[in-house]
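Student: Please give me a close look at one part of this assembly, and set it in the context of what surrounds it. I would like the cut-offs behind each term stated as you go.

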Amino acid sequence: MEALINFAPYTGWVYPNETVFEWSILIAVYPYITGLVAGAFTVSSLYQVFGFERLKPVAHLALLTSFSFMVFVPLPLLIHLGHAERAFNATITPHLTSAMAMFGFFASFYVFLLLLEIWFAYRPYIVDQAQTKTGLLGRFYKVLTLGSYDVSEKTLSWDKKWIFALACIGIPGAHGLHGYVGFMYGSVKAREWWSSDLMPVIFLFSAIISGVSLLAVLYVVTCKWRKIPVDLPCLKTLAYTIWSFIMVAFVLESLEFGSMVYKGREGIDMIMQYVTGPLLVPYFVLQFAIGAVTPLLWLSYMIWRGTTGRALVIGVTVSACLVLFSVFMMRWNVVIGGQEISKTGKGLLSYQLPFFGKEGALVGILIVLAPFGLLAIINKFFPIWSEKTTHSNHV
Amino acid sequence: MTNENSKPPVTARRAFLTKLGGAGAVVGAASLGLAPALAAKKEAPAEGASFPTKDYDWTKHKWGFGVDATKCIGCLRCVEACKTENNVPHNAHQFRTWVERYVKIEGDEHVHIDSQSDPVNIAASGSEKEFRFANRYKDAKVEKAFFVPKLCNQCSNPSCVQVCPTGATYRTKDGVVLIDPTYCIGCRYCIQACPYGVRYFNEDKGIADKCNWCYHRITKGLNPACVEACPVGARIFGDQNDKQSPVSLFIRNNRVDVLRPDTGNAPNLFYVGIDKEVN
């Protein structure tokens with residue numbers, strides 16, 4: 001029979017109740033996919049609001065990717081809850097002092113905003129389908145038109161204004177959502193590893209690089225799938241975006257770690273023992289060296305040398321994959337790492353990740369992969385690269 | 001009658017700025033009012049005087065707890081009493097109260113700390129359901145050694161209450177932090193937020209759990225189970241509103257400490273005889 005709870009091995013002195021890890025891989029996956037939502041939306045905004053015309057090939061992909069991942073954001077939390085059926089208690093009677101209580105509102109607001117923006121973006125397509133398709137599918141599109149079949153120039157220009165306005169609101173919406181996730185950790189004063197004012201900003205910038213990287217990889221993969229050439233200016237713009245934000249993310253995280261070490265408060269000895277011991281590989285090697293410094297140098301080299309063609313595609317794709325991995329390691333090192341350092345400041349625990357089970361690696365992997373499946377399904381009904389029937393120009 | 005639109009531009013702008021200033025003042029005042037509310041939740045959800053029983057008025061009490069570490073002998077009867085009284089899972093990893101042992105050995109730089117849940121001590125007791133401190137330092141040159149009982153600090157500004165997304169955990173009028181088992185969603189944010197590590201997750205019930213100073217007993221005029229079981233009077237309990245209660249006398253007659261005062265949690269658990277390593 002499987003043990004009801006798994007106890008973590010430890011060294012030094014830890015409080016007895018700490019030997020059970022209460023936040024597992026699911027709670028690492030949660031900020032990871034929330035970050036992808038925010039990052040993907042950033043790309044959409046760069047096109048819709050800031051007029052980055054070169055990002056047009058990924059504009060709709062960004063919007064729908066953000067939505068697909070957003071749908072799955074609450075899932076790891078719900079699976080993790082001891083009483084998932086009471087989850088709405090936090091929304092019906094929110095406790096206003098709790099960072100977690102506002103999640104339902106932020107998330108719902110953002111989902112609504114995304115849905116609205118997608119609707120406006122796809123309205124010409126929906127109207128077209130409603131008029132041409134028959135049967136159940138036709139009825140589906142008819143309902144989605146919400147009774148509006150007007151696709152005149154004047155109406156479409158209004159639609160574009162709406163898209164622009166929603167994208168503008170979405171920028172603080174998406175980034176606020178993720179900054180708030182960082183605050184959930186940064187505000188916990190009981191854990192020295194989390195308790196940092198920089199945490200929300202670090203979460204935000206790592207979110208941006210992860211979302212942009214996801215789009216770069218998705219774009220290249222889907223181009224190969226569709227057997228069309230990769231739009232190099234678009235990919236290069238994505239690479240520039242990753243490159244500039246990765247530097248900020250890297251500097252911020254280094255500053256946070258440096259300031260923690262420099263302040264040297266109680267428990268710093270244990271933290272140093274931790275980062276130079278069990279965390280050496282996941283933190284310095286995987287997250288920083290392989291996941292952040294390598295893509296930064298590689299991208300810098302390509303920008304410096306003006307690399308183009310196949311080398312650029314491979315370089316950006318691999319760099320983006322490394323960034324995606326790095327950001328996951330960052331979430332892991334925050335969530336799990338924070339719990340591996342005892343609140344006593346005098347001991348270290350060791351988390352053993354099970355593969356199966358509710359809190360196992362398999363469930364975590366499935367949750368991260370599920371949005372791709374949803375994206376593929378959405379693409380069937382709202383083709384991402386359908387130039388003819390959606391708004392073709394940015395505002 | 002003057003039409004609004006006919007105002008000269010400067011006047012119109014001034015009127016707009018005045019309105020803007022007024023709106024700003026309202027928002028500012030609202031923010032100022034909201035800020036203390038966000039800082040920490042202190043109010044109990046129910047305002048009635050009688051809770052949890054009809055003949056108990058929680059506005060008339062302010063419970064306090066004292067620990068005299070110089071008296072504790074590490075017999076762990078308090079831990080056993082607590083586990084039985086409160087149906088705490090009988091394993092070596094989940095406790096509402098526990099006892100820590102601090103041993104300074106000659107020549108060692110660091111103090112050795114363990115509790116009854118240490119594998120060596122569990123091996124000595126022979127079962128996770130029984131608690132004993134192994135005599136592991138009998139051959140060492142011990143410079144200093146003492147025991148420190150730990151339990152919930154029932155903080156005046158509890159981190160656990162602050163982070164609870166539903167308000168299932170709340171601070172009562174008489175100063176005890178309780179958990180509503182029918183409202184807790186089991187997110188475990190409170191467990192992360194408690195600086196003292198006193199909370200654990202009850203897998204069977206799917207909710208967080210912790211010491212509540214045996215609220216079901218103290219509201220009937222009884223002592224908490226651990227206080228009752230302590231053979232040496234190391235645990236002191238009482239009403240801080242009553243100046244002659246054991247805890248009031250304990251606080252008045254001793255120089256007392258609280259754990260981790262830097263957190264701002266303002267514990268209501270007071271210690272005598274702890275050392276600098278204790279946190």
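Tutor: Within chain B, 62% of the contacts with a separation of 6 or more join residues that are 24 or more positions apart, a contact being two residues whose C-beta atoms, placed from the backbone, lie within 7 Å. This is a predicted model, in which local features need pLDDT of at least 70 and side-chain atom pairs count only at pLDDT 80 or more, while totals for chains, interfaces and linings use all residues. Residues are numbered from 1 along each chain as its sequence is written, and chains are lettered from A and ligands numbered from 1 in the order in which they are written.

Chain B holds 8 helices and 10 strands, read as DSSP runs numbered from the N terminus (H or I of at least four residues for helices, E of at least two for strands). Of its 279 residues, 39% are buried, that is, have 20 or more other C-beta atoms within 10 Å of their own, where 12 or fewer would make a residue exposed and anything in between partly exposed. The mean pLDDT of chain B is 88, with 82% of its residues at 70 or more; pLDDT is the predictor's confidence in each residue, from 0 to 100. Over residues 1–10 of chain B, however, the pLDDT is below 50, and beyond near neighbours in sequence this stretch has 1 contact in the model. Where pLDDT is low, the predicted coordinates should not be read in detail.

Turning to the interface, 40 residues of chain B are in contact with 35 residues of chain A. On the chain B side, at least two residues each come from helix 1 (9–39), strand 3 (112–115), helix 4 (159–163), helix 5 (189–193) and strand 7 (200–202) of chain B, and the largest share, 4 residues, belongs to helix 5 of chain B. By class, this side of chain B has 22 nonpolar, 14 polar and 4 charged residues, with Ala, Val, Leu, Ile, Met, Phe, Trp, Tyr, Cys and Pro counted as nonpolar, Asp, Glu, Lys and Arg as charged, and the others, Gly among them, as polar. For the model, the scores are ipTM 0.93 and pTM 0.90.

The chain A partner carries residues of the largest nonpolar core, which has 175 residues, those with the most contacts inside it being A:Val37, A:Ile209, A:Leu215 and A:Ile242; such a core is a set of buried Ala, Val, Leu, Ile, Met, Phe, Trp, Tyr and Cys residues joined through C-beta atoms within 7 Å. Its largest share, 16 residues, comes from helix 1 (residues 25–48) of chain A, the helix in which A:Val37 lies. A:Val37 counts as buried because 30 other C-beta atoms lie within 10 Å. Leaving aside neighbours within four places in sequence, A:Val37 is in contact with A:Ser66, A:Phe69, A:Met70, A:Val73 and A:Ala174, and although A:Val37 and A:Ala207 are 170 residues apart in sequence, their C-alpha atoms are 8.0 Å apart in space. With those same neighbours left aside, A:Leu215 is in contact with A:Ala40, A:Val43, A:Val58, A:Leu61, A:Ala62, A:Thr65 and A:Leu238.
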